[in-house]
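Me: I would love to talk through a structure with you, one question at a time. Could you show it first?

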Amino acid sequence: MALENIRLEVMKTVEKSIDAYVDKYLIPVEEIWQPTDLLPNSQDEGFFEEVRQIREEATELGYDFWVVLVADMVTEEALPTYESWLMDMEGVEQHGQQKGLQNGWAKWIRHWTGEENRHGDTLNKYLYLSGRVNMKEVEKTTQYLINDGFDIGTGRDPYRNFVYTSFQELATNISHKRVGQLAKKKGNKMLAKMCNIIAGDEMRHHLAYREFVKTIFEYDPSEMMLAFEDMMKKKIVMPAQFIRESGQGIGEAFENFSNAAQRLGVYTTQDYIEILQKLNEYWEIDKMTSLTDQAEKARDYLMKLPDRMTRIAERIKVPQDPHQFAWVAPNGTL
Ligand SMILES: [Fe+2]
Ligand SMILES: [Fe+2]
């Protein structure tokens, strides 16, 4: 059988369990939190007082913090790009929704998107109310990111895409959680709660995607191994890699944002390495046998990669001078 056909067969097999995955890893609309549960209710009498408190608490947070929060929010707001990217994977069929004929993978992606959409919503409203950032510049960055689109190096291959999402969901879990911890340290409980609860969603998503990969390893170990190796050789590029400020090229903003995230300890090279180690462990890469010669080499490469990356990371120095972003004024006020 041609390789592509095997992938489609595997996708069809895993798809049979999609309802169980949706039940286990996602939460029904009527039960899950919504942004308004975490933000001041604009229909309440006390709305302005709560907004005043948000603005007061926000003054405690520093320049790098706002840069990181903006970039996190913009990354979440580019959700249309991710949904359309995933919908285009081999094995996903978004038509035929009537009469219960919805393709299982399309259902997963829709429900996942529905959950993810609340993240950008929450952070956007918070940032708007905080008064600390230039919202118009932030909004332009979001629109640029959606306009520019991105290429994460997965092609239409579900195996590569699921490696990407397994990795990426854990990376966002870590960064939202750490932003929440920094907010809490400065006494900003509302923001801390928001970041924590978003991080919880990311963790559920991570657990689902890593399970998809684990299952695929059972059916098609050599091809799954090669897909994993290929993604790690290309490096997992964050969606934020493609952000830009108005008047600038793609990539400039990311480097400066990434430096800010490293300075704050929100997301570091060490985190990247640890995510890889966790994936290696969960997928039991070291125990994988009956592989093709090429896949065996890929396995050995993946097992050695964390140490190799650690040696390289030790030599990298993070610049200490904050870059001036259009999103945030120098003293944090506008
Ligand atoms: Fe998210
Ligand atoms: Fe996510």
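Reply: Here it is, and the questions below go through its metal ions, rings, core and some single residues.

Me: Before we start, what kind of model is this?
Reply: Local features and side-chain atom pairs are filtered by pLDDT here. That goes with the kind of model, which is predicted.

Me: Which residues serve as donors of the iron ion (ligand 1)?
Reply: The donor atoms lie at 2.1 to 2.4 Å, and Glu76 appears twice among them, each time through OE. In sequence the donor residues follow the spacing E-x39-E-x2-H-x82-E. With OE atoms from the glutamates and ND1 from the histidine, the residues are Glu76, Glu116, His119 and Glu202.

Me: How many residues apart are Glu76 and Glu116, and which helices hold them?
Reply: Both residues are donors of the iron ion (ligand 1). Glu76 sits in helix α5 (residues 63–77) and Glu116 in helix α7, so the pair links distant parts of the chain, 40 residues apart.

Me: Are Glu76 and Glu116 buried or exposed?
Reply: Buried means under 20% relative accessible area. Glu76 has 8% relative accessibility, and Glu116 has 4%. Glu76 therefore counts as buried, and Glu116 likewise counts as buried.

Me: Which protein residues are donors of the iron ion (ligand 2)?
Reply: Each of these residues offers an OE atom, at 2.0 to 2.1 Å from the ion. Along the chain the spacing is E-x52-E-x32-E. The donors are Glu116, Glu169 and Glu202.

Me: Why does the pair Glu169 and Glu202 tie together separate parts of the chain, and how far apart in sequence are those parts?
Reply: Both are donors of the iron ion (ligand 2). Glu169 belongs to helix α9 (residues 158–185) and Glu202 to helix α10 (residues 189–219), so the parts they tie together are 33 residues apart in sequence.

Me: What are the relative accessible areas of Glu169 and Glu202?
Reply: Glu169 is buried, and Glu202 is buried too. The values are 4% for Glu169 and 1% for Glu202.

Me: How far apart do the two iron ions lie, and which residue bridges them?
Reply: The iron ion (ligand 1) and the iron ion (ligand 2) are 3.4 Å apart. The residue that bridges them is Glu116.

Me: Where does the side chain of Ser166 reach?
Reply: Ser166 has its place in helix α9 and is buried, with a relative accessible area of 0%. Beyond its neighbours within four places in sequence, Ser166 is in contact with residues including His206, Tyr209, Leu279 and Trp283. Its side chain reaches, at 3.4 Å, the backbone nitrogen of Arg210.

Me: What geometry does the aromatic pair of Trp108 and Phe212 have?
Reply: The structure holds 21 aromatic pairs. In the pair of Trp108 and Phe212 the centres are 5.1 Å apart, with 80 degrees between the planes. Trp108 lies in helix α7 (residues 104–130) and Phe212 in helix α10, so the pair ties together parts 104 residues apart in sequence. Planes over 60 degrees apart count as edge-to-face, and this pair is edge-to-face.

Me: Why is the pair of Phe325 and Trp327 classed as it is?
Reply: Phe325 is buried, at 3% relative accessible area, and Trp327 counts as buried at 0%. Their ring centres are 4.7 Å apart and their planes meet at 20 degrees, so the pair is stacked.

Me: Which residues have the most contacts inside the largest nonpolar core?
Reply: This core has 109 residues, and α10 gives the most to it, with eleven residues. The residues with the most contacts inside the core are Trp66, Trp108 and Tyr126.

Me: Which ring does the charged end of Lys233 sit over?
Reply: The charged end of Lys233 lies 4.8 Å from the centre of the ring. The ring belongs to Tyr301.

Me: Is Lys297 buried or exposed?
Reply: Lys297 has its place in helix α14 (residues 293–314). Exposed means over 50% relative accessible area. At 61% relative accessibility, Lys297 therefore counts as exposed.

Note on methods:
Residues numbered from 1 in each chain as written. Chains lettered and ligands numbered in written order. Predicted model: local features only at pLDDT ≥ 70, side-chain atom pairs only at ≥ 80, totals over all residues. Heavy atoms only, no water. Donors = N, O, S within 2.8 Å, 3.2 Å for Na, K, Ca; no water. Helix = DSSP H or I, 4+ residues; strand = E, 2+ residues; numbered from the N terminus. Buried < 20%, exposed > 50% of the residue type's maximum accessible area, 1.4 Å probe, protein only. Polar contact = N/O pair within 3.5 Å; in protein donor to acceptor, adjacent residues only side chain to side chain. Contact = heavy atoms within 4.5 Å. Phe/Tyr/Trp six-rings, centres within 6.5 Å; stacked < 30°, edge-to-face > 60°. Lys NZ or Arg CZ within 6 Å of the ring centre and 35° of its normal. Core = buried A, V, L, I, M, F, W, Y, C linked by side-chain atoms within 4.5 Å.
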